[in-house]
Amino acid sequence: MDDHNTSGARSVSADPDSRAARADAARNRDQLLAVATRLFASGDTEPSLRAIAREARVGIATLYRHFPTRESLVDAVYRDQVARLTTGAHDLLDRLPPAAAMRRWMDLFGDWIATKNGMLDTLLAMIEAGEIAHARTRTELLAAITAILDAGHAAGELRADVGAEDIAAALIGIFTVAPRPRHEAKAGRLLDLLMDGLRLTGP
């Protein structure tokens, strides 16, 4: 009897239809997350859940299976963007010199700010309710900036007298006066100016 059950369990877990269903579900979730991120970043107002489902080419029921509430979708988008920034710092350092990694990371930060602005009402309500730990996010982002700065100091590419909080404040200022996507070119110029100030040019 035990052998039969064990064999049956293996058979169910290896069922091609079951694997295909799980793969489809994962693709649908990833697609919804990507579309929601893009719509949040590109709009002046928060898109409806139906608009997100329609753009992702899935039914509204599929969206609700993955994200039962607007808050659960916003939370998933927010956490995904923060992960892109935190792990992205190390990924960029693996592929690029520190100064180039910092400049690319600034673009990622701008994407995050644009996405936040597109879901700001829901996000602020969630922070107020304690559903999102804003202080923890800030600590994680400062650590990501510090990792790139430290690499830049060691390589002799970036100034040692500028801290992560200075850069974070400058980035927030830039994307306040030149929000994406409407002022993409202006934001790019300001980021280049910031990088010019961060590079180590003297002996």
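How many residues does helix α9 have, and how far does α9 reach from its first C-alpha to its last? The views below come from a predicted model, and the first one takes up that question.

**View 1. Helix α9 from end to end.** Helix α9 runs over residues 164-177, so to speak, with 14 residues in the run. From first C-alpha to last, α9 reaches 20 Å, close to the 20 Å expected at 1.5 Å a residue. A164, I167, A168, L171, I174 and F175 are the buried residues to look for here. They sit on the same side of α9, because they cover an arc of only 125° around the axis.

**View 2. The two sides of α9.** What covers the buried residues of α9? Among the covering elements are α6 (98-118), α8 (134-155) and α10 (184-198). Flip over to the face turned away from the buried side and you'll find A169, T176 and V177, which are exposed.

**View 3. Helix α10 and its buried face.** Helix α10 has 15 residues and reaches 21 Å between its first and last C-alpha atoms, close to the 21 Å expected at 1.5 Å a residue. Its buried set is A187, G188, L191, L194, M195 and L198. Looking down the axis of α10, these buried residues fall within an arc of 120°, so they line one face of the helix. That buried set packs against α6 and α9. Over on the other side of α10, A185, R189 and L193 are exposed.

**View 4. D107 in helix α6.** Is D107, which is found in helix α6, buried or exposed? D107 counts as buried, because its relative accessible area is 18% and the cut-off for buried is under 20%. Leave aside the neighbours within four places in sequence, and D107 is in contact with R180 and L191. L191 has already turned up in View 3, as one of the buried residues of α10.

**View 5. R138 in helix α8.** R138 has its place in helix α8. With a relative accessible area of 45%, R138 is partly exposed. How far apart are R138 and D121 in space? C-alpha to C-alpha, the pair is 19 Å apart, with their positions 17 residues apart in sequence.

**View 6. The annotated span, residues 48-67.** An unreviewed UniProt entry lists residues 48-67 as "DNA-binding region". In the model, the end C-alpha atoms of residues 48-67 lie 13 Å apart. As for secondary structure, the span is 75% helix and 0% strand.

How values were computed
Residues are numbered from 1 along each chain as its sequence is written. This is a predicted model: local features need pLDDT of at least 70, side-chain atom pairs count only at pLDDT 80 or more; totals for chains, interfaces and linings use all residues. Side-chain values use heavy atoms; hydrogens and water are left out. Helices (H or I, at least four residues) and strands (E, at least two) are DSSP runs, numbered from the N terminus. The expected span of a helix is 1.5 Å times one less than its number of residues. Buried means under 20% relative accessible area, exposed over 50%, partly exposed in between (1.4 Å probe, protein chains only). The arc is that of the directions from the helix axis to the C-beta atoms. Contact means heavy atoms within 4.5 Å. UniProt positions are given in the numbering used here, feature names are shortened, and annotations may be inferred rather than shown by experiment.
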